[in-house]
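Morning, everyone. Let me put the model up, and then we'll go through a loop residue and some aromatic rings.

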Amino acid sequence: SSNEDDDDGGNAEELSFDPSYLLRFLGQGHNAEGASVLQLGGSDPDQLFLASKTVYEFNQLAQIHQQQSSSNNNNAPIFCDYTALNLNCGCPSPKVAGKGCFGAALMQDATLVQQLTSSMYHGSQGSIPITVKCRIGTDEGYQFTRDQYNARSDEEEYQSLKQFIETVASEGIVTDFQVHARIAVLGKNYSPADNRKVPPLRYYQVRRLAEEFPELNISLNGGVETLSGVKRELDECPELDGIMVGRGWMSNPWAFAMSDELLYSDGQQLADSTRPKNRMEVLQAYGQHADYEEERWDPVKIRRFITKAASQLFSGEPNAKRYRIALDEIAGLPKKLMKEDPKLMESQPPLSELILDAATKHLSEEVLYRTPKESYEKILYDEEQAEKRLLFVATGGNDAKQAEEKQSFIQEWQQTRKEDEMKESELNSM
């Protein structure tokens, strides 16, 4: 990748390849993103060495561009600024763990994983932390069924996981593990979705790891989809260093806006200095990013990716679906207009304006300007009502007291639903 006569990894200012192609995959825009982890997948130490070396060189290039842009008052692009590299030892997809022989399949060869992480460490000149995402095990050695799995020894499963962690961490390179609290079923033709649902969650195995390896950073992953759920798991096991949330955050990112206050001792100060006050501010800031990206890249190719990132910002709110439909129409405009007449694109308003127009047209001011605290309180209320509904279904409400509580709850739920319908009706008539 760089000058091979340079023993220390090459001068990042003199790349021997054109980096513009890789910008599409590694580029992070024009502003530093802060903590940002790049996950790599593979089972070849040499390939992972080269991949990590490339990321290292791009990181160096980013620092050079930052210095140049500061001295020249110029907005030079940042190529990438990753703060950690992660090895995927958890993906159960047949294409990855089957034919690809990496992902979750790597859990069956801890020594190879140790070699791979060592290659990543040396490829990145020891300048970027190396982490591992894994599961609590695989179905190696038996045919998975729920009954067979439940009959297997918990202790045997834990000792196998413990041995994997000890082997990978033995060189002192990897000290950070994110552990999905399910096994990966590789012996059947399970889809990734099946592997997220069929094997049961065993949080106690990950908690035990955190308790027995205080010198390592152990984070729990799997099945935690809300901020209240994150807090509950951390309160239950203080030895855990973190909770990894994927789909829950992607489906409703604003629901995690109170993370700093709730999870960190100095979170209030951090939130006050960095966090937007409401979702309108988020959209305004995102609009600047969207316009910058469309200036650099072809809107026909990238607009749908840009609008998709903002599509779940109002999940669960009245008229959120109309907002998403409007974004979808905005995403298709460049392709449509280019077919009709390329000159029509020149008269179009900037993407930031289109996004804001979609939000203000379909969403109420109360929704747009609701603070993170107000939003979180509403989420907690909704979660409480959902738990009550489940409780009444489970108990059946047989005795007189339960029947009275059930009736009171139903009336409260009906009133809340009526108020929501009135709000939506008012929005629709605007």
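Helices here are DSSP runs of H or I, at least four residues long, and strands are runs of E, at least two, numbered from the N terminus. This is a predicted model: local features need pLDDT of at least 70, side-chain atom pairs count only at pLDDT 80 or more, and totals for chains, interfaces and linings use all residues. Residues are numbered from 1 along each chain as its sequence is written, and side-chain values use heavy atoms, with hydrogens and water left out.

Start with Gln 348. Which helices flank its loop? Helix 15 (320–340) and helix 16 (351–362). Gln 348 is partly exposed, at 28% relative accessible area. The scale: buried is under 20%, exposed over 50%, partly exposed in between, with a 1.4 Å probe and protein chains only. Setting aside neighbours within four places in sequence, Gln 348 contacts Leu 333, Leu 337 and Leu 354. Contact means heavy atoms within 4.5 Å.

Now the rings. How many aromatic pairs does a search of the whole structure find? Three. Rings of Phe, Tyr and Trp (its six-membered ring) pair if their centres lie within 6.5 Å; planes under 30 degrees apart are stacked, over 60 edge-to-face, the rest tilted. Phe 314 and Tyr 323 have ring centres 5.1 Å apart and planes at 85 degrees, so that pair is edge-to-face. Phe 314 is buried at 1% relative accessibility, and Tyr 323 is buried at 0%. For Phe 144 and Tyr 149, the centres are 5.8 Å apart and the planes at 45 degrees, so this pair is tilted. Both Phe 144 and Tyr 149 are buried. Together with Tyr 190, they form one aromatic cluster.
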